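Trainee: Before we talk about this chain, I would like to understand how each label is earned, so please set the values against the cut-offs as we go.

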Amino acid sequence: VQLQASGGGSVQTGGSLMLSCEVSGNIERVNGMGWYRQVPGNRSQLVAIISNRGQRTYADSVKGRFTVSRDNVRNALYLQMSSLRAEDTSVYYCHFQVVVVGGEIIDKWGRGTEVTVSS
């Protein structure tokens with residue numbers, strides 16, 4: 001299974017960015033997908049997740065500003081980020097729970113995409 005990520009970069013406070021990730025390969029289906037970011041202490045914080053039925057969960061800090069979505073045909077995941085704040089600066093990781101042909105379930109993580117928000 002291969003993963004391709006795009007998006008991220010630098011933006012001023014109040015600006016917008018879009019992150020994208022896509023998996024491909026010997027995939028039967030993808031269950032949950034989500035975005036996480038690195039926080040001080042080298043810990044991972046959930047940003048937003050979306051189930052295969054489209055149910056969304058957001059961190060309180062991003063509710064109303066970020067929107068997670070998915071394309072089940074392309075096995076793609078998106079994060080539209082608006083009204084960005086300095087505290088959103090981080091490395092963002094996408095995650096897929098992939099069911100490969102044959103039934104094995106694997107966790108696929110992106111390598112991380114940098115987002116920098118400055119005033």
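Mentor: Let us begin with the word strand, since a loop is named by the strands on either side: a strand is a DSSP run of E with at least two residues, and strands are numbered from the N terminus. This is a predicted model, and in that numbering Glu104 lies in the loop between S9 and strand S10 (105-109).

Trainee: What makes Glu104 count as exposed or buried?

Mentor: Exposed means over 50% relative accessible area, and Glu104 has 53% relative accessibility, so Glu104 counts as exposed. Leaving aside neighbours within four places in sequence, Glu104 is in contact with Val98 and Val99. As for Ser51, that residue and Glu104 are 53 residues apart in sequence and 18 Å apart in space, C-alpha to C-alpha.

Trainee: Why are Cys21 and Cys94 called a disulfide?

Mentor: The rule asks for a pair of cysteine sulfur atoms within 2.5 Å, and the sulfur atoms of Cys21 and Cys94 are 2.1 Å apart, which meets that rule. By this rule the count comes to one disulfide. The pair links distant parts of the chain, with Cys21 in strand S3 (residues 17-24) and Cys94 in strand S9 (residues 90-100), 73 residues apart. Both cysteines, Cys21 and Cys94, are buried.

Trainee: Why is the disulfide of Cys21 and Cys94 described as left-handed?

Mentor: The torsion about the S-S bond of Cys21 and Cys94 is about -85°, and the disulfide is therefore left-handed.

Trainee: How do you know that Glu22 and Arg74 form a salt bridge?

Mentor: A salt bridge needs a side-chain nitrogen of Lys or Arg within 4 Å of a carboxyl oxygen of Asp or Glu, and the side chains of Glu22 and Arg74 meet at 2.8 Å, N to O, so the label applies. Because Glu22 lies in strand S3 and Arg74 in the loop between strand S7 (66-71) and strand S8 (76-81), the pair ties together parts that are 52 residues apart in sequence. Glu22, at 26% relative accessibility, counts as partly exposed, and Arg74 is also partly exposed, with a relative accessible area of 45%.

Trainee: What makes Arg37, Arg65 and Asp88 one network?

Mentor: Two salt bridges have to be read together here. Asp88 forms one with Arg37, the closest N and O atoms being 3.1 Å apart, and because Asp88 lies in the loop between S8 and S9 and Arg37 in strand S4 (residues 27-39), that pair ties together parts 51 residues apart in sequence. The side chains of Arg65 and Asp88 also meet in a salt bridge, at 2.7 Å, N to O. Salt bridges that share partners thus join Arg37, Arg65 and Asp88 into one network.

Trainee: Why are Asp88, Arg37 and Arg65 called buried?

Mentor: Buried means under 20% relative accessible area. Asp88 has 1% and is buried, Arg37 is buried at 6%, and Arg65 is buried at 9%.

Trainee: How do you know that the side chains alternate along strand S11 (residues 113-118)?

Mentor: Thr113, Val115 and Val117 point to one face and are buried, while Glu114, Thr116 and Ser118 point to the other and are not.

Trainee: Why is S11 said to pair with S2 and with S9?

Mentor: Two strands pair if DSSP finds at least two bridges between them. Strand S2 (residues 9-12) is joined to S11 by four bridges, the two running parallel, and Val11 stands opposite Val117 in S11. S9 and S11 pair in the antiparallel sense over three bridges, with Ser90 opposite Val115 in S11.

Key: Residues numbered from 1 in each chain as written. Predicted model: local features only at pLDDT ≥ 70, side-chain atom pairs only at ≥ 80, totals over all residues. Heavy atoms only, no water. Buried < 20%, exposed > 50% of the residue type's maximum accessible area, 1.4 Å probe, protein only. Contact = heavy atoms within 4.5 Å.
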